[in-house]
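Colleague: I've got a model open on my screen and I'd like to learn how to read it. Could you walk me through some features, one at a time?

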Amino acid sequence: MKHRIVVLGAGYAGAYAAGTLARRLSPADTEVTVVNAEPDFVQRLRLHQLAAGQEVEAPQLADVFVGTGIRLRLARVTAVDPERRVVAVADAEGGGELGYDTLLYALGSHAANRGVPGVAEHAFDVSSRPAALRLRERLDILSRRDEDGSVLVVGDGLTGIETATEIAESRPGLSVALVARGELGAPLSAGARSHLRRACDRLGITVLEHLSVEAVEATRVLCAEGAALASDATVWTAGFAVSPIAATSGLEVTENGRIVVDRTMRSVSHPNVYASGDSAYAIGDNGRPLPMSCASAGYTGMQATSAIVGRLTGRKIPNTKMEYLGNHISLGRRDGILQVVDGEAQAKPTYVGGRKAARIKAGILKMSLWTTSHPTFGLPKLKRHLAVVPDAAAERTVA
């Protein structure tokens, strides 16, 4: 009987892991099934671009996995029972259960409302393709109005910065403001912070610092400091949260619901379950938890697949580097910031900014999409492919 591997989620972590497992394990001995709610691959790193009105490629997962031997189940995961080793799913036909021998949990994350009243009812976000398209539709309406529309982006993390700058550049007729809890770009080096401020000034973004949002209404945002900020479209980017499915399944999780794993990304409570991406609470080589990020998804996905392959084949399990090297921040299509951090995750004094940083970010996005679109091709071959076939479109975008 074949060993059944079920991968939950086909984002950056899940799609890569499924392809790697299909490539490295014998189809005569194993079967790999991917469960995903949407039929296409979502480039989450570019959803702010989609919301701003740009076209973003979304490959069909059926096309991505064709010829790989990977089974695709388009369904929403509703529960996991690690004792019975089954996953409950719901789809257009009603759903059912999928049994597994090894489970890789990679369901990712979504926007966190932090318990702030009105966020769910009135705010937009860019944590999913449907959410980004909903914001895009609202921006289209505002852009067609005779009077200027106002967009208020709440949250000055990477998502907030990228969303505010993208909207401001793509839709110059809209008034864009960015609300920061503290100093804008506080984790960045002094030079990078100055670069970020110049970019906001150039794009006409109003930066509102040291404000804590305590409520979101249909046409305004209320702050704890007493400010009432008018807004025709409030975009909530103040953090991310994971699905409660892992917590309700009986797996050992953190307070915020992320699965606690060992160095090989194996659940510390259930040895047949692995986790990668935002769903995993993994400790980096510096002793700190890895942040929710695409880079972390890559590292944890590589480690999880290596561990699964090793345990099923009897091979030695290598340790994938668990590093947090820095942040790549896009500031529209022709500007960006590359901030490198040290071993303690603190910003180094130097940074790369401008078009060079934008080109680096474009290359990262290209590599992420290519890896997903060719799941069994292999990373070494990918590097050779990138060296031979440059991304002319990306070069034109940031030139």
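Modeller: Sure. Let's begin with a loop: R114 sits in the one that links β8 (109-111) to α4 (119-122). Keep in mind as we go that this is a predicted model.

Colleague: What is phi of R114 near?

Modeller: It's near 55 degrees, which is a positive value in a residue other than glycine.

Colleague: And is R114 buried or exposed?

Modeller: The general idea is to look at relative accessibility, where anything over 50% is called exposed. R114 comes out at 55%, so it counts as exposed.

Colleague: Which other residue has a positive phi although it is not a glycine?

Modeller: Try M265, with a phi of about 70 degrees. M265 is also in a loop, the one between β17 (259-260) and β18.

Colleague: Is M265 buried or exposed?

Modeller: The cut-off for buried is under 20%. M265 has 1% relative accessibility, so it counts as buried.

Colleague: Let's move on to sheets. In what order do the strands of the five-stranded sheet come?

Modeller: When you read a sheet, go across the strands rather than along the chain. Here the order is β3-β2-β1-β7-β18, the pairing is parallel and the sheet is open. At the edges you find β3 (71-74) and β18 (273-275), each of which pairs on one side only. On average, neighbouring strands in this sheet are turned by 20 degrees against each other, direction ignored.

Colleague: What packs on that sheet?

Modeller: That's α9, which touches β1, β2, β7 and β18. The direction of α9 makes about 155 degrees with that of β18.

Colleague: How many bridges join β1 to β2?

Modeller: Six, and the two strands run parallel. One pair to click on is L8 with V35, its bridge partner in β2.

Colleague: Where does L8 fit in the nonpolar core?

Modeller: For a core, look for buried nonpolar residues joined through their side chains. The largest one here has 51 residues, and L8 and V80 are those with the most contacts inside it. Leaving aside neighbours within four places in sequence, the contacts of L8 include V35, V77, V80, V87 and L103. There's also a second, separate core of 33 residues, with A52, V56, L178 and L188 among them.

Colleague: What about the sheet of three strands: which order and pairing does it have?

Modeller: This open sheet reads β4-β5-β6, with antiparallel pairing. Its edge strands are β4 (76-81) and β6 (96-99), each pairing on one side only. Here neighbouring strands are turned by 30 degrees against each other on average, direction ignored. Five bridges join β4 to β5 (residues 86-90), and within β5 the bridge partner of A79 is A88.

Colleague: Now a helix. How far does α1 reach from its first C-alpha to its last?

Modeller: With a helix, compare its reach with what its residue count would lead you to expect. α1 (residues 12-24) has 13 residues and reaches 18 Å, close to the 18 Å expected at 1.5 Å a residue.

Colleague: Why is α1 described as largely enclosed by the rest of the structure?

Modeller: Because 11 of its 13 residues are buried. Among them are Y12, G14, Y16 and L21. If you colour what the buried residues of α1 pack against, you'll light up β1 (3-8), β2 (30-36), β7 (102-105), α9 (294-313) and α10 (355-373).

Terms used: Residues numbered from 1 in each chain as written. Predicted model: local features only at pLDDT ≥ 70, side-chain atom pairs only at ≥ 80, totals over all residues. Heavy atoms only, no water. Helix = DSSP H or I, 4+ residues; strand = E, 2+ residues; numbered from the N terminus. Expected span 1.5 Å × (residues − 1). Buried < 20%, exposed > 50% of the residue type's maximum accessible area, 1.4 Å probe, protein only. Contact = heavy atoms within 4.5 Å. Core = buried A, V, L, I, M, F, W, Y, C linked by side-chain atoms within 4.5 Å. Pairing = 2+ DSSP bridges. Axes fitted to C-alpha atoms, helices over the stretch in contact; angles between N-to-C directions.
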